[in-house]
Structures are given as structure tokens and as C-alpha cells.
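Here's a walk through one model, from a loop residue to the core and the aromatic pairs. Have the structure open while you read.

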Amino acid sequence: MARILAEFETPDALAYAIEALRARGYRELDAYTPYSTEEVREALAWRRSRLSWFVLLAACFGGGGAYFLQWYLVGFLYPLNVGGRPAHMPLAFVPISFEMAVLGGAIAAFVSVLWGGRLLRWWDPVFEVGGFESASIDRFWLELRATDPRFDLIETPREVEELKPLRQLLLGGVRP
């Protein structure tokens, strides 16, 4: 997959470049920065994460599943007459149901962060770019992917060059 990497010196320059490219219709943008900056986050216009809803759903599924399993086994299949209490006593099922809800939510959050943050990748072509390690020290990098409908191998590098990056690289594509 073709992509363009552009290196900027300051977070303000990177945020300006992102805003300018978004104004021209680009949507598949990503930033690599040594620290989080409000300007870059606002320029990327990230939408609110759905992680909290997914965790809530997994927690409800875990708790509900545990409660159902306890009811099915203790209250329906193998009821015990202990001290004259009913076979289905909800208070006895609360601790396990709560703990399974917490476990289900925790597992969903852990897996979602690994998957959604793309932390399961062992290698990416941008890691091979000379000088890219500066993204974790003092430089700010912008990535445009060819999956963007507006991406063009000839026009997009020109538009990025107008933003005056320190340097610009074309990965995975052949410039005519």
C-alpha cells in the first residue's frame, strides 16, 4: 500500500498541515508524535471512542451469562432444599455475577485497546524509514494512506510539499 510520510519540526506545523489537508478532502490521516498535543488531536478530528459501550456490553454479557448459568444449574437442573429457602435465591448469585461482569469488561477493554490501537502489529513499513525514530524523540510525522479516496500518486505529494515539511517520503508507490 502506498503512503506518504512528511516530517515536521513542531506540533503547530503538523496541526496546520493536517487541517490544510482535511480542508482539501483527505480523511485517511495519521500522526506520529513524541507526546500527545491538543492541537494535533483537534486537527485529526477523532470521533469519540466506542470502547466504553463495548466494555459495558461485554460486562453485561459476562454478568448475565454467569447469572443464567447459576440459575440453570442450581435453580432449575439440580435444586436443593436447604433450610426451606427457594431453589432460585437471587442474592446468592450476585457475587459471582458481579465478578464475571468485571472480568468480562476487563477482558473486552484489554483486547480492544490492543486491537484498536494496532498494538498487535510486529512490523510496519514506516518503522524502516531512516530517521523515523525521531517520532519518539523530537519530530512530528504525518502519514497519508493510499486508501484515502482523494489520494493520487502525482497530485498528493505536490499538495504535501506546499505545506513545507522538513522532508517528505513516498513509501510503497512508484512515482512516474
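Lys164 sits in the loop between helix H5 (155–161) and strand E4 (167–171). Helices (H or I, at least four residues) and strands (E, at least two) are DSSP runs here, numbered from the N terminus. Phi of Lys164 is near 55°, a positive value in a residue other than glycine. At 68% relative accessibility, Lys164 counts as exposed. The cut-offs are under 20% relative accessible area for buried, over 50% for exposed, and partly exposed in between (1.4 Å probe, protein chains only).

A quick word on ground rules: this is a predicted model, where local features need pLDDT of at least 70 and side-chain atom pairs count only at pLDDT 80 or more, while totals for chains, interfaces and linings use all residues. Residues are numbered from 1 along each chain as its sequence is written, and side-chain values use heavy atoms, with hydrogens and water left out.

Positive phi turns up elsewhere too. The table puts Lys164 next to two other residues with that feature.

| Residue | Phi | Place |
|---|---|---|
| Ala45 | about 55° | loop between H2 and H3 |
| Arg118 | near 55° | follows H4 |
| Lys164 | near 55° | loop between H5 and E4 |

Ala45 isn't a glycine either, and with a relative accessible area of 43% it is partly exposed.

Now for the inside. The largest nonpolar core has 22 residues, and Leu14, Ile18, Leu21, Leu29, Leu142 and Leu144 are those with the most contacts inside it. A nonpolar core, for this purpose, is a set of buried Ala, Val, Leu, Ile, Met, Phe, Trp, Tyr and Cys residues joined through side-chain atoms within 4.5 Å. Strand E1 (3–8), helix H1 (11–23), strand E2 (29–32), helix H2 (38–44) and strand E3 (140–145) each give two or more residues to this core. H1 gives the most, with six residues. Take Leu21: leaving out residues up to four places away in sequence, Leu21 touches Tyr26, Leu29, Leu142, Leu144, Val160 and Leu163, where contact means heavy atoms within 4.5 Å. There's also a second, separate core of eight residues, with Val129, Phe132, Ala135 and Trp141 among them.

How is E3 placed in all this? Six of its six residues are buried, so E3 is largely enclosed by the rest of the structure. Phe140, Leu142 and Leu144 point one way from the strand, and Trp141, Glu143 and Arg145 the other way. E3 runs antiparallel to E1, with six bridges joining them, and Glu7 stands opposite Trp141. E2 also pairs with E3 in the antiparallel sense, over four bridges; strands count as paired if DSSP finds at least two bridges between them. Along that second pairing, Leu29 has Leu144 as its bridge partner, and Asp30 stands opposite Glu143. E2 is covered on both faces, with Leu29 and Ala31 buried on one side and Asp30 and Tyr32 on the other.

On to the helices. H4 (residues 90–116) has 27 residues, which at 1.5 Å a residue should span 39 Å, and its end C-alpha atoms are 37 Å apart, which agrees. That expected span is 1.5 Å times one less than the number of residues. H4 bends by about 25° at Ile96, the bend being the angle between axes fitted to the seven residues ending there and the seven starting there. Its buried residues are Phe93, Ser97, Ala101, Gly104, Gly105, Ala108 and Ser112, and what covers them includes H3. From the H3 side, Gln70 is buried at 15% relative accessible area. Not counting residues up to four places away in sequence, Gln70 touches Gly75, Ala92, Phe93, Ile96 and Ser97.

Last, the rings. The whole structure holds ten aromatic pairs. Rings of Phe, Tyr and Trp (its six-membered ring) pair if their centres lie within 6.5 Å; planes under 30 degrees apart count as stacked, over 60 as edge-to-face and the rest as tilted. Phe68 and Tyr72 have ring centres 5.9 Å apart and planes at 15°, so the pair is stacked. These two are four residues apart in helix H3 (residues 51–77), about one helical turn. Phe68 is partly exposed at 48%, and Tyr72 is partly exposed at 33%. Trp71 and Phe76 are stacked as well, 5.6 Å centre to centre with 25° between the planes. Tyr32, Phe127, Phe132 and Trp141 form one aromatic cluster.
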